[in-house]
Amino acid sequence: MPLMDHLRELRNRLVKAMIAIALGTAVGYYVYTPVWEFLKAPYCALPEAQSVDDGCNLIFTGVFDAFFVAFKVWVIVGILVSSPFWLYQLWAFVAPALRRRERKFTYVFLPLAVMLFLAGAALAYYITKLAMEVLFGFAPADVAPMITIDNYLNYMMLMMVVFGVGFVMPLLVALLNLMGVLPHAAIAKWRRVIIFFSFVLAAVLTPAEPISMLALAIPIIVLFELAELFCFLNDRRTRSADPLADLDDDEISALDDVMDDDDNEGARGTPKR
């Protein structure tokens, strides 16, 4: 297909995806109240949230803050609600360029990636209360927290996205191994470094408290070990099916040696004229 046809198809699918997200945003407008109640539930469960009166106290300091927070929630709901449609548009654009084997991997790994992302986001939601308890514990006894709604929403979204993406990363390792890009030997060689950087990455991406860091790092390491086991079994299966799979690109195979010997013998046996 010519380049301009690709660009036209990309434009059409982007327009369809944006229309779907806009319709999903309209849905988010109508379900904003229950969604916001769900998002602020971890904070409202803390005693500090009722420090001023008996209600759950979140404040805003700017004229447009309440609108922008509501708009963010509408868009987030719109993206989630319309995700089957825009994911299909993405797939329809990419699929013609994939081989049959790569399409088969996509059918298996895409649902797994969605489930792992949701599992990570759910874990982030349920540890938010514990994480905020630790963070609020650093405040002096005579100080009451006055959390703004945009600050709280950004914190919740950051935690859920970071945990969701972190849970998907080991699946990407397994996919690269199946595609032949990342062998198990390389993973085993760098295992300690990967575990170390998992803790470092968890410490950087999560707030400065140990619960979130451990809640992110430990599941990632467990999933990574499972991915490594999968890569080990897959490489062993590949080697049993193809004895020459372990040869480097510059290493000559035994078959080539035999062929070279036969050629040399044939050349020596050919009578000179």
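**Contacts and burial in an all-helical predicted model**

Leu116 touches Gly164, Phe167, Val168, Leu171 and Leu223, when residues up to four places away in sequence are not counted. The model in which these contacts are found is a predicted one, and within it Leu116 belongs to helix H5. Although Leu116 and Val165 stand 49 residues apart along the chain, their C-alpha atoms are separated by 8.5 Å. Leu116 is nevertheless not classed as buried, because its relative accessible area is 21% and the term buried is kept for values under 20%; it is therefore described as partly exposed.

With regard to the protein as a whole, the secondary structure consists of ten helices and zero strands, so that the order of elements from the N terminus on reads α-α-α-α-α-α-α-α-α-α. Of the 273 residues, 31% count as buried. When contacts between residues at least 6 apart in sequence are considered, 77% of them join residues that are at least 24 apart. The accessible surface comes to about 17,700 Å², and 69% of this area belongs to carbon and sulfur atoms.

Helix H2, which comprises residues 32–44, may be described in further detail. This helix has 13 residues and reaches 17 Å from its first C-alpha to its last, a value close to the 18 Å expected at 1.5 Å a residue. The helix also contains a kink of about 30°, which lies at Phe38, shortly before the proline Pro42. Pro42 is itself one of the buried residues of H2, a group in which Trp36, Leu39, Lys40, Tyr43 and Cys44 are also found. The cover over these buried residues includes helix H3 (65–81), helix H5 (100–136) and helix H6 (149–178), and H5 is the helix in which Leu116 lies.

Among the buried residues of H2 is Lys40, for which the relative accessible area is 16%. Since this value falls under the 20% limit, Lys40 is counted as buried, whereas Leu116, at 21%, is counted as partly exposed. Lys40 touches Leu58 and Tyr152, again without counting residues up to four places away in sequence.

A further feature concerns the surface of the protein. A nonpolar surface patch of about 670 Å² is made by Trp190, Val193, Ile194, Phe196, Phe197, Val200 and Val204. One of these residues, Phe197, lies in helix H8, which is formed by residues 191–205.

Conventions:
Residues are numbered from 1 along each chain as its sequence is written. This is a predicted model: local features need pLDDT of at least 70, side-chain atom pairs count only at pLDDT 80 or more; totals for chains, interfaces and linings use all residues. Side-chain values use heavy atoms; hydrogens and water are left out. Helices (H or I, at least four residues) and strands (E, at least two) are DSSP runs, numbered from the N terminus. The expected span of a helix is 1.5 Å times one less than its number of residues. The bend at a residue is the angle between axes fitted to the seven residues ending there and the seven starting there. Buried means under 20% relative accessible area, exposed over 50%, partly exposed in between (1.4 Å probe, protein chains only). Contact means heavy atoms within 4.5 Å. Patches are made of residues with over 30% relative accessible area and no salt bridge: like charges are joined within 9 Å, nonpolar side chains (Val, Leu, Ile, Met, Phe, Trp, Tyr) within 5 Å. Accessible areas come from the Shrake-Rupley method with a 1.4 Å probe; for residues, only the protein chains shown count as cover. A salt bridge is a side-chain nitrogen of Lys or Arg within 4 Å of a carboxyl oxygen of Asp or Glu.
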